[in-house]
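Me: Pick one part of this protein and walk me through it closely, with cut-offs for the terms you use. I'd like to know what packs against what, and I don't need a tour of the whole thing.

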Amino acid sequence: MARITYVPMGLNIEEVNQRFTLGKCNIKKQDNLKTNWEIISSNLFTFFNMILTLLAGLLFIVNSYLNMWFIIIAAINTGIGIFQEFKARATVKNLSLIKESKITVIRQGMHVEILIEDIVLDDLVLYKAGKQVVADSFVENGELSVSEANITGESKMVRKIVGDKLFSGSYVISGQAYCKVMAVGEDNYIDTLRMEASTLDKPNSVILDTLKWILKFVGIIIIPFGLMTFYNIYNNSVVAYDYIPDFIANSVEFKNAVTKMAGSMVAMVPSGLVLLTTMTFAASVIKLGKSNTLVQELYSIETIARVDVLCLDKTGTITDGTMKVDDFVLLHQFSEHKYRRSDIKNIVASMNFALDDNNQTAKALNDYFEKEERIKATKVIHFNSANKYSLVNLRIGGFVLGAPEIIYRGQYKLIKELVEAYAKQGKRVLLLAEIDKIVKEKFSGKARGIALIVINDTIRENAPATIQKFIESNVTVKVISGDNALTVSEVSRRAGVMGADKYISMDTVHDDDIERIANEYNVFGRVTPEQKKTLVIALQDNNHKVCMIGDGVNDILALKQADVSVSLRSATEATRNISHIVLLDDDFSNLPKVVKEGRQIVCNLEKTSILFLTKTLFTILLTISVLLLAKSYPFEPIHMFVIETFIVGIPTFFLALESHTKMFKGKFFKNIMKKIVPNSILLLLNVLAVMLFSDYFFNFTSIQITTISILSVSFAYWLILALSSLPMNLLRKGLIAFAFVSSILFLIISKELFPAHELPLTGLLVLLVLMETDYIILSISQGNFLKFNTKDSI
């Protein structure tokens, strides 16, 4: 039936209360989430935290309080980790494929709006277009067209008639029906799926994966290297003194071994980098939020930095989605009936009433032709993305409304010239035609055109500028639409899409040819949901990183396949659920900001990672070297404070947030290792050179070796900071100057820790020679980089 005519009654109050008493309501059990203590303990009792705490305890025992400063960084890292996991738990609690909060049910013959958890078994629920099915049900009266993409992954519309089953989590695309609830709570099919998989696919974070691998490697070597360092220093000390102290904890030898062991182990852990990475991504999410952009998956910002192809639909992205019927043209030559304009208006108004759709096209048709049952309908087939038309049997005959080239397949040439005349103006054209009968959701025989309906879809004012920004960022824009290919081409051309004049209609393309044409064309018309996904796969197979923008259930398959998925706020809940990023103001002009933010993060974190990880590799190489040479490790934790804070920590925080639009290229790990390895070797040579001079020429004391080494290493590190900041701009010059001045001031204030004033003349000469050598080596590697290139950052 076209409309629901029976009188629904539903359950009475006594029946509802009885089911509540028996627990047959839609309340769901709490997911198996971590408790507060489990979250705190899992972050607090990590491998590295345990090691750092043990080291801090040992330093406390030997009264070396200044060397315990590293515990502050560890505490901040732990605090952020706990906060992030509490936030994640809150997100998981809210994460559900069921996003409706209230639903209309019929009880005692009255329509009542209730919370979905108040639904009970056998409740009678009213579903209309745009609503989500909140409990497994079967259709008792009426007819629906639904999308089960959330459950099956298939974005085809499925027709549901009396007796058919509805799955919770599916979406009503069109129609209206009263449905009886057959399962509640955890018995719903969608809830069994929810226990097995999340809707939102998390993108891979190359930066995070690289950091995890490095931390795992450091975790393997840190304990044996630390113990060997302690044994080496302590053993050399007692051998030198030829006795073992009575009170080890209070002995100078034990304290020296503990502090040097801690110096080696603490410096191996790039804890500041983990903190900086987390803070940088979090800051970007907040920043984008102020631009009405919701980032649902933190590391999708990184992934979008690597995107080089953007796929989008025409309607709602390039155009504003507010469609309006301009006019309609009668086609007298194809039908025996001589329809008047008033006849066409009556037919379309009656079809609007029977279809009862709520999309933008339907709204435009309703506004122009009205929505009224002027002619009674006997059968309705709602619009299908595969067929691209709607079917209605009216009392006076059958009619089809949809894509002209699909409805008139085989005889399209008869109306092609007229259709394309409008399409060249960027107009959408619908064909209204007579049909003989409906068979299995399609019409049989030949359609007889009676009118062409012309619809205008306005291009957004900022669309050309937005697309130009993507082009300037070396991102190829591809328009993938279900509309007429010529219409899509014209709209794309006016919006500034490159290659818009070269387009293809996908209704005649075989699946085997999609991989070839995916890179050949930028404009695709008459695309089915399955073809959208196949196009994305073809682009990915050609080593492209793809971002997909969608707003409807027909975009779900492509969105889930894309490297980064973006939806609009006005999109269906199913679409928003599986999207990494949601544009809250329905304006894709904000997307270039997300791309810029992603590129800023990746490129800047590459630079800052070099600075942090140079220290890690340098420490590992130095530890190995002193063990092989049977030398004492020269540094305590406090000796690295200048490098950790003034040369690396503070400057990298600002560098990580600096504006950047350069496209990231290459592999992250390979890129950083090309800089980290030579930098670390240079720092190592500084320390080994001091030891060499001491052994063979000047016989420096251990304090003098430490002082000369840390001063030369700090200077070389400062040069590496300057090198990493190229090309120079005002901010980078300021950071380099700050690092130099603050380091000098700290060294002067802390002269007891760094007694440069007590160095002999030979020690000063060695220091000056090393500093000059570092400058020459790094200058040659870059080409006089300290002349400060004044070009702006790319």
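Reply: What follows is a walk around one long helix and the pieces next to it.

First the ground rules. This is a predicted model, and local features are reported only where pLDDT is at least 70, side-chain atom pairs only at pLDDT 80 or more, while totals for chains, interfaces and linings use all residues. Residues are numbered from 1 along each chain as its sequence is written, and side-chain values use heavy atoms, with hydrogens and water left out.

Some context before zooming in. The protein chain has 27 helices and 23 strands (DSSP runs numbered from the N terminus: H or I of at least four residues for a helix, E of at least two for a strand). Of its 794 residues, 55% count as buried; buried is under 20% relative accessible area, exposed is over 50%, and partly exposed is in between, with a 1.4 Å probe and protein chains only. If you take the contacts in the chain with a separation of 6 or more, 72% of them come from residues 24 or more positions apart. Contact here means heavy atoms within 4.5 Å.

The part I'd pick is helix 22, residues 591-628. Start with T619, which sits in helix 22. T619 is buried because its relative accessible area is 0%. Not counting residues up to four places away in sequence, T619 touches S264, A267, M268 and Y633.

Now for a helix that packs against another one. Two packed helices are described by the angle between their axes and the distance between the axes. Helix 22 and helix 24 (residues 668-698) have axes that come within 7 Å and cross at roughly 40°. That angle makes helix 22 oblique to helix 24. For the bookkeeping, axes are lines fitted to C-alpha atoms, for helices over the stretch in contact, and angles run from 0 to 180 degrees between N-to-C directions. Under 35 degrees counts as roughly parallel, over 145 as roughly antiparallel, 65 to 115 as roughly perpendicular, and the rest as oblique. The helix 22 and helix 24 crossing is right-handed: the near helix is turned clockwise from the far one by less than a right angle, whereas anticlockwise would be left-handed. The contact residues of this pair split into 20 nonpolar, six polar and two charged. In that count, Ala, Val, Leu, Ile, Met, Phe, Trp, Tyr, Cys and Pro are nonpolar, Asp, Glu, Lys and Arg are charged, and the others, Gly among them, are polar.

Helix 22 also turns up in the cover of helix 16. The buried residues of helix 16 (463-472) are A463, T466, I467 and F470. They lie on the same side of helix 16 because they cover an arc of only 95° around the axis, taking the directions from the helix axis to the C-beta atoms. As background, an α-helix has 3.6 residues a turn, so residues three or four places apart point the same way. The cover over those buried residues includes helix 22, along with strand 9 (309-312), helix 11 (314-318), strand 17 (448-459), strand 18 (476-480) and helix 17 (485-495). Just after helix 16, N474 takes a positive phi of about 65°. Most residues other than glycine have a negative phi.

Next, follow the chain out of helix 22. E636 is in the loop between helix 22 and helix 23 (641-656), and E636 counts as partly exposed because its relative accessibility is 22%. E636 and K260 are 376 residues apart in sequence, yet their C-alpha atoms are 4.9 Å apart. Leaving aside neighbours within four places in sequence, E636 contacts N67, T259, K260 and G263.

That loop leads to helix 23, which has a packing partner in helix 26 (residues 730-749): the pair meets at an angle of about 160°, with axes 10 Å apart. Helix 23 and helix 26 are therefore roughly antiparallel, and their crossing is right-handed. On the helix 23 side you'll find F641, V642, F646, I647, I650, P651, F654 and L655, facing L731, R732, L735, F738, A739, S742, S743, F746 and L747 of helix 26. The residues of this contact divide into 14 nonpolar, two polar and one charged.
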